[in-house]
Each structure stands twice: as structure tokens, then as C-alpha cells.
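Me: I'd like a close look at one part of this model, with the whole chain as background. Here it is:

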Amino acid sequence: MCGRYRLTAKERYLRDHFGLDGDPAWAPRWNIAPTQQVATIRQHRSDPKRIFGLMRWGLIPYWAKDPSIALRTINAMSETAAEKPAFRDAMRFRRCLIPAEAFYEWKRSGPKDKQPYSIGMSDDSSFAFAGLWDRWRGPDAKAIETCTILTTKPNPLVADVHERMPVMLRPEDYDSWLDPGVTDSKRVVDCLRTFDAALMKKYPVSTRVNRPENDDQECAREISVLETAGRLF
């Protein structure tokens, strides 16, 4: 799964990397957690431009009776998303990019202990998770836009830590993934391949990242696994 990640790139870098018309309104985040507002990028349906926006992490399908389903839909398995009721319409009509620089995953290090790791690109550059989004209206008719991150089988780098990893899109696949004219999910399956481990790195970080309220540069600082876990709460 993917339950925590970071995005700290400057606005102008996000603009250039993701082909946006202007600088997006985004402040650096070191420890993004489910239910929070996250950065997303969609393709405009009638104009050839990409749209930056914020959505709540945890997808609420448009047909849901209440928003509590979002607690179970922060991730969607890429292998089955096209068939699952919660995700199949979004796979056809509402795909998005979710910019990131790294995600955090936890490896069991004892009966009750887990060591968090930061996992990202070897050059620390930004990338995009494959995301799906939806728009839900509550009893008050107010619209809430939400999203989920697709996951896949891990590459060798991640398999040492977890049995799943988020789908990291290659820049050359951004256009295909976002194309609103592609409504057959089978045509975007090639975008969902496991990312090349040779282009990535991972390193241990403090258990400070365990708590969503901790959102600063210390969350991403590399540590020795011999350091006392949890000393920076």
C-alpha cells in the first residue's frame, strides 16, 4: 500500500516538470497522510492543458451513500481497479497524476517494532503516482473531490520492505494516462508497470514520520538504523 508520502518541490519545478501553465499553489509537505488535501493534476476535457488542484486523499465514489468509504479507498489495486465498483468508472473517465518525491513504507524490525523507510528517485527528483479521482455530493449538495493512489507488485528495492508499492508513472506515460479521450481501461494498462528499481533508492528515516502531525524536514532525514527509534516525537 501507499499510506504516506512527501512533496516539497518548488512551485516552478512542479510547473515545468508536469507541464502546467502557471506556478501551482503548493507549500512543501514532508508527511502527507490520508484524508488530507493532496496535489493532483488532471487533463482539461476540451482544452489541451493540465489542471492543478487539491483533492482529499481517500476516494469517495459519486454513488456512495456516505463518505466513510474513503477510509478504505486510499489505495486501489491496479490489477483489479477496472472491475471494482468503487474504481471502475474512475479508471475509464477520471484518471490523474499525484505528484510526489518519495513515499514512506515500514519494515518490521521486531515483534512490535517497524522501521520506516523513505523510497524515491535516486536523484531526488519529482515523479507522479497513478491516481484516480471522483466527485461526491453530500446531503447539502456540496461537492467533494477525492482521489486514490494505484498500487502494484513491488520491484526488488521495495519488496524487501513491503509486498506492494504505488504505481509510479514514467514521464512519457503522463499524456496517455491523462488523456480524457481514452475511456477503455485496457489501453492504459501499459502505464501501470512496476517502476524500474535501478532508478530508485531507499533509506531509513526516524519514526517521527509515524505521526501525521509531524510534518517537517526531519521526517525525511536519513538515519542510521542504530539510532534510537522514536526519539523525535
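What share of the contacts in the chain with a separation of 6 or more comes from residues 24 or more positions apart? And once that's settled, what can you tell me about the loop between strand S8 (114-121) and strand S9 (127-137), and about the loop between S9 and strand S10 (143-152)?

Reply: A quick word on the ground rules. This is a predicted model, so local features need pLDDT of at least 70 and side-chain atom pairs count only at pLDDT 80 or more, while totals for chains, interfaces and linings use all residues. Residues are numbered from 1 along each chain as its sequence is written, and side-chain values use heavy atoms, with hydrogens and water left out.

Your contact question has a neat number: residues 24 or more positions apart make up 64% of the contacts in the chain with a separation of 6 or more (contact means heavy atoms within 4.5 Å). As for the background, the chain has four helices and 13 strands; these are DSSP runs numbered from the N terminus, with helices being H or I of at least four residues and strands being E of at least two. Of its 233 residues, 51% count as buried, where buried means under 20% relative accessible area, exposed over 50% and partly exposed in between, using a 1.4 Å probe and protein chains only. The C-alpha trace spans about 55 × 35 × 30 Å along its principal axes.

Now the S8–S9 loop. Asp124 sits there, and its phi is positive, about 65°, although it is not a glycine. Its relative accessible area is 47%, so Asp124 is partly exposed. Ser126 is in that loop too, but its relative accessible area is 5%, so Ser126 is buried. What does Ser126 touch, neighbours within four places in sequence aside? Its contacts are Leu7, Ala9, Tyr13, Leu14, His17, Ala100 and Glu101.

On to the other side of S9. Ala141 lies in the loop between S9 and S10 and has a positive phi near 70°, again in a residue other than glycine. Its relative accessibility is 47%, so Ala141 counts as partly exposed.

Then comes Ala143, which belongs to strand S10. With a relative accessible area of 35%, Ala143 is partly exposed. Not counting residues up to four places away in sequence, Ala143 touches Arg135, Trp136 and Arg137. Ile74 is another matter: Ala143 and Ile74 are 69 residues apart in sequence, and their C-alpha atoms are 19 Å apart.
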